[in-house]
Amino acid sequence: MKRAIPVLVLSIAGLVPVWMYEPSLGTASSGTAAPASTPSASSSAASGSGGTVVKGSTIQTDKGPVQVEVTFAGTKITAVKMLQQPDHPQTTAAVPKLIAETLQAQSADIDTVSGATITSDGYRESLQAAIDANAESASSSSSASPSAAAASQSQTVDGPTIDTDKGPVQVQVTFEGDEITAVKMLQQPDHPQTTAAVPKLIAETLQAQSADIDTVSGATITSDGYRESLQAAIDAKG
C-alpha cells in the first residue's frame, strides 16, 4: 500500500502538463485569389512623369492568365508592362513584339504574333480594357488646353543611312514636341537576328526617349547602326 502512493502521485504529476497544455489554433491564410477588379485609372506619382497607370482586366486563356498594366500620358500610351502571362517560351518571345507594336499603333489594333495566338488575343483584350478605362477617366476630367495641344505638334525626321557589315541601317523618328512617339525602320539588314532585334530596339527607344539604349544580344552590328542613325535624327530635330 505504501508503494502505491508514490506511483499515484507520479501519475497525477504526469497529467498536469497535459491539463495545462492549450493547443494553438493557427489561422490559415485563404488560398482563394480575390476576383479581378474592373480596370480603373490611377495617377502615378512614383513615376515622376505625371502619367496615369491603368491595369487591364485579367483574361483567362487556355495557356494561363494574361493581364497588362498600361501607362498613359493623357491618351498616349507610353509604356506597357505584363502583370500576368503564361509561362511558355513562345509567350516570352512574343511579349516584346506585342508591346513594341502597341507603342507604335497607340491602340489594341495590333497583329497576332505567330506561334502565340492565344497570348496575343488575351493581351489585346486586356489592353483594350485598360484603354477604355483611361478614356472614361479622361472624359470625366477637364480637356487639355489649346496651348497644350499646339505644343505637341508632330514632326518626322529621317536619320542618315548607316552602312554596316550586315547592310544599311536607317531609322525614321516621329516627335511630338520633344517626345519620341514612334520609330520606323526605313532600311535594315535582311537577317533573322535583325528582324528579332528591331522591335526590342524600338521599344527601348520609346521608353528611354534617347539613343542611350542597350545592344540586343546577337544583333550588335544592327544595334550600333540603329543607335547612330537614331542619334543623328534626334540631333537633327534640335
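So, six helices and nine strands: that is the inventory for this protein, and what we have on screen is a predicted model. Of its 238 residues, 35% count as buried. If you take the contacts between residues at least 6 apart in sequence, 42% of them join residues at least 24 apart.

Let me take you to helix α5, residues 192–208. This helix has 17 residues, and the distance from its first C-alpha to its last is 25 Å, close to the 24 Å expected at 1.5 Å a residue. There is a bend, though. Where does α5 bend? At Val 198, by about 25°, and a proline, Pro 199, follows within four residues. Both Val 198 and Pro 199 are on the list of buried residues of α5. The rest of that list is Thr 194, Ala 197, Leu 201, Ile 202, Ala 203, Thr 205 and Leu 206. As a reminder while you look at the spacing, an α-helix has 3.6 residues a turn, so residues three or four places apart point the same way.

What covers those buried residues? The cover includes helix α2, at 89–105, strand β9, at 179–187, and helix α6, at 220–237. I'll go through the two helices among these, starting with α6.

For α6, the span works out nicely: its 18 residues should cover 26 Å at 1.5 Å a residue, and the end C-alpha atoms are indeed 26 Å apart. Its buried residues are Thr 222, Ser 223, Gly 225, Tyr 226, Arg 227, Ser 229, Leu 230, Ala 233 and Lys 237. Please note that Arg 227 and Lys 237 are in that buried set. Covering the buried residues of α6 we find, among others, the strands β6 (154–158), β7 (162–164), β8 (167–176) and β9, together with α5. So β9 turns up in the cover of α5 and in the cover of α6.

Now, how do α5 and α6 sit against each other? Two packed helices are described by the angle between their axes and the distance between the axes. Here the axes come within 10 Å and cross at roughly 40°, which makes α5 oblique to α6. The crossing of α5 past α6 is right-handed. On the α5 side, the residues that meet α6 are Thr 194, Leu 201, Ile 202 and Thr 205, and their partners in α6 are Thr 222, Ser 223, Tyr 226 and Leu 230.

Let's zoom in on one of those partners, Thr 222, which is in helix α6. Is Thr 222 buried or exposed? With a relative accessibility of 2%, Thr 222 counts as buried. Setting aside neighbours within four places in sequence, Thr 222 is in contact with Val 169, Pro 189 and Thr 194.

Over to α2, then, and its packing on α5. These two helices pack at an angle of about 55°, with 9 Å between their axes, and that makes α2 oblique to α5. This crossing is left-handed. From α2 we have Pro 96, Lys 97, Ala 100, Leu 103 and Gln 104, which meet Pro 199, Lys 200, Ile 202, Ala 203 and Leu 206 of α5. You'll recognise Pro 199 from the bend, and Ile 202 from the contact with α6.

On its other partner, helix α3 (residues 117–140), α2 packs at about 40° with the axes 10 Å apart. That makes α2 oblique to α3, and the crossing is right-handed. The contact brings together Thr 91, Leu 98, Ile 99 and Thr 102 of α2 and Thr 119, Ser 120, Tyr 123 and Leu 127 of α3. Do put that next to the α5 and α6 contact, with Thr, Leu, Ile and Thr in α5 meeting Thr, Ser, Tyr and Leu in α6.

Last stop, the backbone in the loops. Gln 106 is in the loop between α2 and α3, and it has a positive phi of about 55° although it is not a glycine. With 27% relative accessibility, Gln 106 counts as partly exposed. Gln 209 lies in the loop between α5 and α6, just after α5. This residue is not a glycine either, and has a positive phi of about 60°. At 30% relative accessibility, Gln 209 counts as partly exposed. And just after α6, Gly 238 takes a positive phi of about 80°.

Notes. Residues are numbered from 1 along each chain as its sequence is written. This is a predicted model: local features need pLDDT of at least 70, side-chain atom pairs count only at pLDDT 80 or more; totals for chains, interfaces and linings use all residues. Side-chain values use heavy atoms; hydrogens and water are left out. The expected span of a helix is 1.5 Å times one less than its number of residues. The bend at a residue is the angle between axes fitted to the seven residues ending there and the seven starting there. Buried means under 20% relative accessible area, exposed over 50%, partly exposed in between (1.4 Å probe, protein chains only). Contact means heavy atoms within 4.5 Å. Axes are lines fitted to C-alpha atoms, for helices over the stretch in contact, and angles run from 0 to 180 degrees between N-to-C directions. Angles under 35 degrees count as roughly parallel, over 145 as roughly antiparallel, 65 to 115 as roughly perpendicular and the rest as oblique. A crossing is left-handed if the near helix is turned anticlockwise from the far one by less than a right angle, and right-handed if clockwise.
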